[in-house]
Amino acid sequence: MVSTSPPLADALAAGPVVLDGGLSNQLEAAGHDLSDALWSARLLAEDPEAVVQAHLAYYEAGAQVAITASYQATFEGFARRGTGAEQAAVLLARSVELAREAAGRARAGGVAGPLYVAASAGPYGAMLADGSEYRGRYGLSVAALERFHRPRLEVLAAARPDVLALETVPDAEEARALLRAVRGLGVPAYLSYSVAGDRTRAGQPLAEAFAVAAEADEVIAVGVNCCAPDDADRAVRLAARVTGKPVVVYPNSGESWDAAARAWCGSPAFSPDRVGAWAADGARLIGGCCRVGPGAIAELAAGLGR
């Protein structure tokens, strides 16, 4: 079912729009083991209803945009599990369909207002499942990265999401590849970096990284995700100044991921109280990433008057 909501770009022009929180932690809270290399994408085949229920929890909490379970879904990753290209394409498209199903159930349950679907395309490093998505610098050219991303983006775009979520991008060079890969697909995109301080995870100054998307007509928002809340505070202002576009921001809880131990450590620092300042600085697509659940999204939505 194709969305009948106004275009997301129009909604962003009218004011802040609420993104969901971490899909993986919501699935884990429901008892699902996501230790597999495919992460939440494994459930696209094995338990699609679980994915619908996770999206529904966020829509019911006040999220207006659900990010699909396709972050770690790639042709290469599925192939390693014995899933051929044709079935992999079916599963990629299913990620959009499941979010649409959740939106339909939310409306039927009384959730009002436009509801959107963002089709997630994670970085090359997410497919490797070795923590390199937080480092970048894979040793691949921009052209090689474009060849990796384009087939998956074509399938996701054909499923007609409201926006393509080019998210958790650690490297400005990979951002260049992604922006080349979305050209001509007919679906808008947002670009969101994973950062540390005032630099990308690969070490490039954020001002230079944001500038990559400044002239890309396909991109309706630029910003950061999967980072510390303090880093998000600084990045929102910079993204707005450098690009002149609406800003997307959805940081983690503030805990840090230990890739070797495959566990979270530290204390949460995410607070819905920050969203007013983000909105004042130009943020228009606002939510949470890892370890930010429906409760926090409900508070965030309330703070934005949604």
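Buried means under 20% relative accessible area, exposed means over 50%, and partly exposed covers the values in between, with a 1.4 Å probe and protein chains only. The views below show a predicted model, in which local features need pLDDT of at least 70 and side-chain atom pairs count only at pLDDT 80 or more, while totals for chains, interfaces and linings use all residues. Residues are numbered from 1 along each chain as its sequence is written, and side-chain values use heavy atoms, with hydrogens and water left out.

**View A. The salt bridge between Arg-176 and Glu-173 in helix H9.** The closest N and O atoms of this pair are 3.0 Å apart, where a salt bridge is a side-chain nitrogen of Lys or Arg within 4 Å of a carboxyl oxygen of Asp or Glu. Because the two residues lie 3 residues apart in helix H9 (residues 172-181), they are separated by about one helical turn; helices (H or I, at least four residues) are DSSP runs numbered from the N terminus. Arg-176 counts as partly exposed at 39% relative accessibility, and Glu-173 is likewise partly exposed, with a relative accessible area of 31%.

**View B. The salt bridge between Arg-234 and Asp-231 in helix H11.** The N to O distance is 2.5 Å, and the partners, 3 residues apart in helix H11 (residues 229-243), are separated by about one helical turn. Arg-234 is partly exposed at 43% relative accessibility, whereas Asp-231, at 11%, counts as buried.

**View C. The salt bridge between Arg-105 and Glu-49.** The closest N and O atoms are 2.8 Å apart. Arg-105 lies in helix H6 and Glu-49 in helix H4 (residues 48-61), so the pair ties together parts that are 56 residues apart in sequence. Both count as partly exposed, Arg-105 at 30% relative accessibility and Glu-49 at 35%.

**View D. The largest nonpolar core, with 80 residues.** A nonpolar core is a set of buried Ala, Val, Leu, Ile, Met, Phe, Trp, Tyr and Cys residues joined through side-chain atoms within 4.5 Å. Among the residues with the most contacts inside the largest core are Leu-164, Tyr-193, Phe-210 and Trp-278, and the largest share of this core, 10 residues, comes from helix H6 (residues 85-108).

**View E. The surroundings of Tyr-193.** Leaving aside neighbours within four places in sequence, Tyr-193 is in contact (heavy atoms within 4.5 Å) with residues including Val-169, Asp-171, Phe-210, Val-224 and Asn-225.
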